[in-house]
Amino acid sequence: MDLLVALHASGEVETAQFDKVVKKLDKRSNRKDHTEWFLGEIFYKTHQYLLKEYVKHSSFNDALKTGLYDCVSGSAIYGLLLDRYGFDYEVIETDYHVFILIHGVNDKTYVFESTEPRAGFIKDQEAVAQYISVFDAAVVRGKAKQLAELGSVVSQFTEENTIYASISLRELAGLQYYNDAVHHFNNGDLLMTYKQLAKARAIYPSDRVTSLYEYISAVQDEGKKLAGR
């Protein structure tokens with residue numbers, strides 16, 4: 001939580017809506033033994049009370065305060081809730097998107113697609129397999145680009161889907177800094193891009209974070225050389 005709220009941090013973190021979701025779920029958690037029913041409660045109550053509107057590059061703090069969210073911040077909130085109620089889950093990072101897989105409930109696997117308020121809780125097992133295949137680089141190439149929420153600048157470094165990784169909530173916090181860096185890069189602010197990438201690299205030094213960090217560092221060094229002539 002501390003790492004997630006550190007991006008664009010303000011004096012006081014707004015948690016009222018998150019706390020409301022937790023309070024409602026706590027009451028329901030004793031009624032069922034963490035079944036498919038309760039997963040549905042987690043998914044839909046969170047959208048009902050907290051995740052209001054999808055906006056690309058929204059931060060975790062945006063989600064807490066205003067209800068604006070993206071795949072990173074939405075998945076982070078679901079990860080915290082799934083942790084609280086003891087579910088076995090994975091945060092899945094792909095080239096352009098993040099989602100959550102939950103395992104072991106009724107010997108099934110479920111998907112939490114945070115950006116789909118109505119259809120994002122996927123429980124039919126054929127539908128789950130089909131959803132995963134869209135992002136798995138070993139199965140399909142290029143189809144995930146339509147959901148380019150994560151680092152659209154990645155296309156400058158890779159030509160096809162190469163990432164399908166299970167990451168921790170801590171690493172997801174690092175990915176949030178990476179996402180913010182890409183936002184600044186697309187707006188032409190190289191200094192903020194570099195600063196956010198340095199933080200992302202300290203938390204989650206993945207190949208994509210390191211590649212963009214080294215690229216921006218080289219651009220800055222070249223700019224300094226030209227300025228010194």
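Helices α2 and α5 cross in a right-handed sense, a good place to start in this predicted model. Their axes come within 12 Å of each other, at an angle of roughly 35 degrees. From there, we can move on to the nonpolar cores and a loop residue with a positive phi.

**The α2 and α5 pair**
- Helix α2 spans residues 16-29, and helix α5 covers residues 71-84.
- On the α2 side, the contact is made by F18, V21, V22, L25 and D26.
- Helix α5 brings I77, L80, L81 and R84 to the contact.
- Sorted by type, the contact residues of α2 and α5 are seven nonpolar and two charged, with no polar ones.

**The nonpolar cores**
- In soluble globular proteins, nonpolar side chains tend to be buried together.
- Here the largest nonpolar core holds 55 residues, and I42, I102 and F112 have the most contacts inside it.
- Helix α7, residues 169-186, gives the most to this core, with nine residues.
- Leaving aside residues up to four places away in sequence, I42 touches L25, Y78, L81, L82, Y85, F87 and F112.
- Two of these partners, L25 and L81, also belong to the contact between α2 and α5.
- Apart from the largest core lies another core of nine residues, including L101, V111, Y131 and F135.

**A loop residue to look at**
- H57 sits in the loop between β1 (53-54) and α4 (60-66).
- Phi of H57 is near 70 degrees, a positive value in a residue other than glycine.
- H57 counts as buried because its relative accessible area is 18%, and the cut-off for buried is under 20%.

Technical notes:
Residues numbered from 1 in each chain as written. Predicted model: local features only at pLDDT ≥ 70, side-chain atom pairs only at ≥ 80, totals over all residues. Heavy atoms only, no water. Core = buried A, V, L, I, M, F, W, Y, C linked by side-chain atoms within 4.5 Å. Buried < 20%, exposed > 50% of the residue type's maximum accessible area, 1.4 Å probe, protein only. Helix = DSSP H or I, 4+ residues; strand = E, 2+ residues; numbered from the N terminus. Contact = heavy atoms within 4.5 Å. Axes fitted to C-alpha atoms, helices over the stretch in contact; angles between N-to-C directions. Left-handed = near helix turned anticlockwise from the far one by under 90°. Nonpolar A, V, L, I, M, F, W, Y, C, P; charged D, E, K, R; others polar.
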